[in-house]
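Colleague: I'm new to this one. Can you walk me through it?
Modeller: Sure. Have a look at it, then ask away.

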Amino acid sequence: MRVRRNSIKMRTIICFAITLICVCILDTILSHNVEDELSTTHGFAHKFNVEQIYCYDDVQLPKPTVGLLYPRASETREVNSLDGVWELVRGNASDPLQGIREKWFGRSLRSTGREIIKVPVPASYNDLTVDQELRDHVGTVWYERHFFVPSSWNMSGTRTWIRFGSIHYACIAWINGQRAVKHSFGHLPFEVEIGRLVKYGQENRISIMVDNRLSNSTIPQGAVVNESSDNGSVAVQTFTFDFFNYAGIHRSVQLYTTPAKYIKDIELKTQVNKQMGRIDYRLWIGNEQEQDVSKYINVKLLDRDRNVVTHQLNRNYHNGTLLIPNVKPWWPYLMHPEPGYMYTLEFQLMAENGLLLDSYQLPVGIRSLNWDNDSIYINGQPIYLRGFGKHEDSDIRGKGLDNALLTRDFSLLKWVGANAYRTSHYPYSEESMEFADEHGIMIIDECASVNTDLFQPELLQNHMSYLEQLIHRDRNHASVIAWSIANEPRTQKPEAKDYFGKLANYTRSIAQGRPLTAASNVNKPIKCMMSAFLDIIGFNRYNSWYHNPGRTDMIINPMLEEALSWRQLHQKPVIVFEYGADTLEGYHSLPTFIWSEEYQTTMLSKHFQAFDKLRKLKWFIGEFVWNFADFKTEQTYTRVGGNKKGVFTRNRQPKYSAYLLRQRYHMLAYKLNNASLPTDLFNYIIDFGL
Ligand code: GCB
């Protein structure tokens, strides 16, 4: 009896030890150093004030991503969306890994007895309900839904995949209780083949644990701290960036098929020389080792009306070149009467007997992109960027993909005469990148490194990996003209030099023919340890707002001086990536007063004067207002319902300043590219002839 009790005790101890080890491993898997987080009292960024010496010798270069083509149906592929209404359960903030320990993935979430909330996918979960705890939740939530996989997909020779457009921040997904995939980094897609996990022609269950916690090694950085509240100690997510840390399944979830042997990945490079266009393509074939039946590829280029313009049969199906006489190049909006011209490139993988093995169509804009120490050139023409810093942000949906909102945003961008935006401060949806291609809007494509402060090797590793995944995702978009490697990192710190030297070197080696840039906000260019590694210098400056608030007479000179000193230091093209003023819609004040619509308008106009003086110097190549639209931030006394620097409201209606900006942007296009002006640019006032 005693022996039995002892062995039971022993077993209990062993079980407890195993559980403990599992929990520790899981915690590490999710890359959150809880101890580190808890020891930080004021959030990240303030932990080390002294200079840190880091050694990056052990940082491994990321493995190149291969695959992840955007799911598109074709003769050989099917796509089923899993978007719709899912079920959500909020984990305990004090015990984020409870669901893993209790294996919530192994049964339906309902059986946990916890409150089930029906939520749409895609959407951030934070603002969907009236529950403050859900809005401010720190830790994990669980999503679940049931779905069918057609039995017709259960054929030898067909592969079944699941692809997630973006889940913020980290997640693990299970299908029918079995682990399918794990991913960290919001705003980027990931996928996995799931043929072995699904039941064809029957109901399946997908469970996803989503963790929104940010730490010293996440992109962007943050820290979870424990704070005492009236209800005891609570976990609070701290960070220094200026937008709400929305979380959830932010973009579409799709099931799709490919044939067993299939086109796994495609890389394009395009050029235009006078009337001749050129596309160099490279293909990766999935399952290539399988008995080699594929013998050639058919490549067709279709114009906008779906006419075949060029056709090629290529026996070397790994790479090739297409020449396109009388090409219609891709041009930015207002730089040409037909901007954003997109062809469709169709690849058909063929067996020797003429059987079609796989087919995939990719939209392609054909253009040259070059840069030198003075400018960026598209099809040989220097460009001048008129644009915005934006956010993926809207009421209720948060950062959830919303094609209606995208349609409205692009309509406004064109109305106002913009030709560019920066994806501040993270990669935007793949759908938005297609909108940008189609509308001829140039993109400065930014990775999610915002306000980086602690430059440890682990962060560098993640930062490189983030950029690798971003560049892989967006390299085939004509609209992408530069990669932004960071926004406002603390580059005055000496350790930033080595960090950004290594990061820029690596990124340049995979940059796919685009220059590197970043947005700096050091108060003196000489103090920036990052900019020397960039091809395009970008800076953020809030004269008359954070600097000398209320003083619209202190804009022109400081702006000129700062731009000139960046130029003198680096001899590279210079862009102003942010300038602006918070503006409460409907608040008017004459004479102008900060926060009024008049103030924002005057502030813009003063900047225009500085920019025009700079434009004469040729190396000044762009002006980006902060921000396109008002957006949600954390709660702080400097933000009234969020950041209000939008030229448009959060609901996408113009503030007073939008009309002035519209006149400038269209007049710039008229002056620089001979674009025609909208007939309603100026209101009728008087006929002086009378
Ligand atoms: C900045 C940041 C941006 C903020 C903005 C502001 O420099 O890059 O994320 O939202 O200032 O309005 O404070």
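Colleague: What volume does the second largest pocket have?
Modeller: About 540 Å³. Keep in mind that this is a predicted model.

Colleague: How many residues line the second largest pocket, and which lie nearest its centre?
Modeller: The lining has 24 residues. Nearest the centre are K182, H183, S184, S465 and Q469.

Colleague: Which helix or strand gives the most to that lining?
Modeller: Helix 7, with 4 residues. Helix 7 spans 457–474. Strand 8 (178–183) and strand 9 (190–193) also supply at least two residues each.

Colleague: And how do the lining residues of that pocket divide by class?
Modeller: There are 9 nonpolar, 10 polar and 5 charged residues.

Colleague: Switching to closed spaces. How many cavities of 30 Å³ or more does the structure hold?
Modeller: It holds 5. The largest cavity has a volume of about 270 Å³.

Colleague: Which residues are closest to the centre of the largest cavity?
Modeller: Y70, L362, R473, N476 and H477. They belong to a lining of 20 residues.

Colleague: Which elements give two or more residues there?
Modeller: Strand 15 (262–273), strand 21 (356–364), helix 6 (430–439) and helix 7. So helix 7 turns up in this lining and in that of the second largest pocket. By class, the cavity lining has 8 nonpolar, 4 polar and 8 charged residues.

Colleague: Now the ligand. Which residues come nearest?
Modeller: D242, H425, E488, Y546 and K645, out of 13 around the ligand. That shell has 4 nonpolar, 4 polar and 5 charged residues.

Colleague: What distance separates an N or O atom in the side chain of Y546 from an oxygen atom of the ligand?
Modeller: The distance is 2.4 Å. For R639, a side-chain N or O atom is 3.1 Å from a ligand oxygen. A polar side-chain atom of Y542 lies 3.4 Å from an oxygen atom of the ligand.

Colleague: How much of the ligand does the protein bury?
Modeller: The protein buries 92% of the 320 Å² that the ligand exposes when taken alone.

Colleague: Last topic, the sheet with strands 22, 23 and 24. What order do they take?
Modeller: The order is 22-23-24, in an open sheet with antiparallel pairing. Strand 22 (369–371) and strand 24 (381–382) stand at the edges.

Colleague: Why is one side of each edge strand left without a neighbour in the sheet?
Modeller: Because each has a single partner strand.

Colleague: How many bridges join strand 23 and strand 24?
Modeller: They pair over 2 bridges, with strand 23 covering residues 376–378. I378 stands opposite Q381 in strand 24.

How values were computed
Residues are numbered from 1 along each chain as its sequence is written. This is a predicted model: local features need pLDDT of at least 70, side-chain atom pairs count only at pLDDT 80 or more; totals for chains, interfaces and linings use all residues. Side-chain values use heavy atoms; hydrogens and water are left out. Two strands pair if DSSP finds at least two bridges between them. A residue is near a molecule or strand if one of its heavy atoms lies within 4 Å of it. A polar contact is a pair of N or O atoms within 3.5 Å; within protein, one must be able to donate a hydrogen and the other to accept it, and residues adjacent in sequence count only if both atoms are side-chain atoms. Accessible areas come from the Shrake-Rupley method with a 1.4 Å probe; for residues, only the protein chains shown count as cover. Ala, Val, Leu, Ile, Met, Phe, Trp, Tyr, Cys and Pro count as nonpolar, Asp, Glu, Lys and Arg as charged, and the others, Gly among them, as polar. On a 1 Å grid over the protein atoms alone, a cavity is a set of points where a 1.4 Å probe fits but cannot get out, and a pocket is an open set with protein on both sides within 12 Å along at least five of seven lines; lining residues have an atom within 4 Å of a point. Grid points are joined across faces, edges and corners, and a volume is the space filled by probe spheres set on the points.
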